[in-house]
Amino acid sequence: MPKVFIKTLGCQANKADSERLLGDYVSRGFTETQDWKKADEIVINTCSVRKAAEDRVTGLILNINKHFPLNRPKIILTGCMIHHGDKEIHKLLPAVDEVLPISEVGFNIQAVRKDKNRALVPISSGCNSFCTYCIVPYSRGREKSRPLGEILDEITQLANNGFSEITLIGQNVNSFGLEKDGISLRKLYMSTHNASDVPTTPSQYKKPTGTPPFVTLLKEISRIPQIKTIRFFTANPWDFWDELIDEIASNEKIDRFIHLPVQSGSNRILKLMNRGYTREDYLRLIEKIKSKIPEVVFGTDIIVGFPGETDADFQDTVDLAKKVGFKIGFVARYSPRPGTVSNKIFTDDVSAKTKKDRWEILDKIINKDNLSQRPIVP
Ligand code: SF4
């Protein structure tokens, strides 16, 4: 029987994709091996969020090459690094035999899951938001939601197989279905903000025509009796509709941990990031959620050392983090990534030492000081 080794780097979306990749291999007669030295095919599901993540891929490929001077296993590269394009990848990493766009790994492939109680279920892929530091809209393409019926079928099958905890996965889970059903909110947004503050990407401003499709999905999943806990990862701050807050508040099956990336607490930096909200918008949303769900626990993503971030900008982020009281935070030091807008138009002008100092301050406030209250991260 041929063997496959799958190396997964990066986020939960990549983990969910790898489970389906393995499902595809198993359906073709492969078995999984945990040892790449015994594999006939090696799949590397990559992440481009930091340079270090790409360096790990290069390191692994160098090791494989060294170990197999002859008859090397087939190496397949997928995930976010494929945004470099076939030509560039083959130039940078000549040992790669095949570049596989993750969109070619269909949602309907039966995943092979390691955990027998909790399941990751992808509900959408890609992103329309074009935050300036992010490669996802280029590597994964535009946002595409999976049909609701198909998601429910998969979860029903999981429930019948003994799973009781479901984590819905997507880059922006709460904009699920809006690429089809949403109406543009840009005009409304422009009536309450300065035109110069409105990002150029209208896709962040879609308003549901009725009940937000994500709320409908949550309601439908909760009707499955064997499913006891529903989590989702990651929600964005701009599609967090009142109906969604009400649904979480009234539905005991939905976990009280909400991961809501803020990225910065400075309006100037948020605008440079093209995040589409101000710190005031974000804090208003947090207060609204806290008032309806008092037991809520927040997590977040923050980038420190974004181009042009001054001490005052950073203090705004510290102040926001304290006001929200995040219990967990993925704090990253800005690292310019080829292919992103920020890499093209801004200079990476915050020193490595300042980035490290800022990282340590936030990591202490959000993570170290809250170790005992750390939520279960999906
Ligand atoms: S919302 Fe922004 S950070 Fe998140 S995946 Fe989309 S472009 Fe990237």
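A residue counts as buried when its relative accessible area is under 20%, and as exposed when that area is over 50%. The structure described here with these words is a predicted model.

Helix α14 is a convenient place to start. It covers residues 352-366, 15 residues in total, and spans 21 Å from its first C-alpha to its last, close to the 21 Å expected at 1.5 Å a residue. Its buried residues are Lys355, Arg358, Leu362, Asp363 and Ile366. Viewed down the axis of α14, these buried residues fall within an arc of 130 degrees, so they line one face of the helix. The elements that cover them include β14 (297-304), α12 (311-324) and β15 (328-333).

Asparagine 367 belongs to the segment after α14. Its relative accessible area is 9%, so asparagine 367 is buried. The side chain of asparagine 367 makes two polar contacts that can be followed in the model. One of them, at 2.7 Å, is with the side chain of aspartate 363, a residue that is among the buried ones of α14. In the other, the side chain of asparagine 367 reaches the backbone nitrogen of glycine 329 at 2.8 Å. Leaving aside residues up to four places away in sequence, asparagine 367 touches Lys327, Ile328, Gly329 and Leu362.

A second helix, α5, can be read in a similar way. Helix α5 (148-160) precedes a loop that leads to β9 (165-169). It has 13 residues and reaches 18 Å from first C-alpha to last, close to the 18 Å expected at 1.5 Å a residue. Ile151, Leu152, Glu154, Ile155, Leu158 and Ala159 are the buried residues of α5. They fall within an arc of 160 degrees when seen down the helix axis, so they line one face of α5. On the other side of α5, Asp153 and Asn160 are exposed. The buried residues pack against β6 (118-122), β9 and α8.

After α5 comes glycine 162, with a positive phi near 100 degrees. Serine 164 is in the loop between α5 and β9. With a relative accessible area of 17%, serine 164 lies under the 20% limit and is therefore buried. The side chains of serine 164 and asparagine 117 are joined by a polar contact of 2.8 Å. Not counting residues up to four places away in sequence, serine 164 touches Asn117, Gln226, Ile227, Lys228 and Thr229.

Helix α8, one of the elements against which the buried residues of α5 pack, runs over residues 213-222 and contains threonine 216. Threonine 216 has a relative accessibility of 28% and counts as partly exposed. Not counting residues up to four places away in sequence, threonine 216 touches Leu148 and Thr211. Between threonine 216 and valine 341 there are 35 Å in space, C-alpha to C-alpha, and the two are 125 residues apart in sequence.

The next topic is the nonpolar interior. In soluble globular proteins, nonpolar side chains tend to be buried together. The largest nonpolar core in this model has 53 residues, and Leu168, Phe214, Phe240 and Ile289 touch the most other members. Domain 2 (115-251) and domain 3 (256-378) both contribute residues to this core, so it lies between them. Phenylalanine 214 touches Ile123, Leu168, Val173, Asn174, Phe176, Phe232 and Leu244, again leaving out residues up to four places away in sequence. Apart from this core lies another, of 22 residues, with Ile44, Ile61, Ile75 and Ile82 among them.

Some backbone details remain. Most residues other than glycine have a negative phi, and most peptide bonds are trans. Phenylalanine 130 is not a glycine, yet its phi is positive, about 55 degrees. Phenylalanine 130 is placed in the loop between β7 (124-125) and α4 (136-139), and its relative accessible area of 21% makes it partly exposed. Glutamine 263 also has a positive phi, near 75 degrees. This residue is found in the loop between β13 (257-259) and α10 (267-273). At 7% relative accessibility, glutamine 263 is buried. A cis peptide bond, with omega about 5 degrees, joins phenylalanine 233 and threonine 234. Threonine 234 is located in the loop between β12 (229-233) and α9 (242-250).

Terms used. Residues are numbered from 1 along each chain as its sequence is written. This is a predicted model: local features need pLDDT of at least 70, side-chain atom pairs count only at pLDDT 80 or more; totals for chains, interfaces and linings use all residues. Side-chain values use heavy atoms; hydrogens and water are left out. A nonpolar core is a set of buried Ala, Val, Leu, Ile, Met, Phe, Trp, Tyr and Cys residues joined through side-chain atoms within 4.5 Å. Buried means under 20% relative accessible area, exposed over 50%, partly exposed in between (1.4 Å probe, protein chains only). Domain bounds come from an automatic or database domain assignment. Contact means heavy atoms within 4.5 Å. Helices (H or I, at least four residues) and strands (E, at least two) are DSSP runs, numbered from the N terminus. A polar contact is a pair of N or O atoms within 3.5 Å; within protein, one must be able to donate a hydrogen and the other to accept it, and residues adjacent in sequence count only if both atoms are side-chain atoms. The expected span of a helix is 1.5 Å times one less than its number of residues. The arc is that of the directions from the helix axis to the C-beta atoms.
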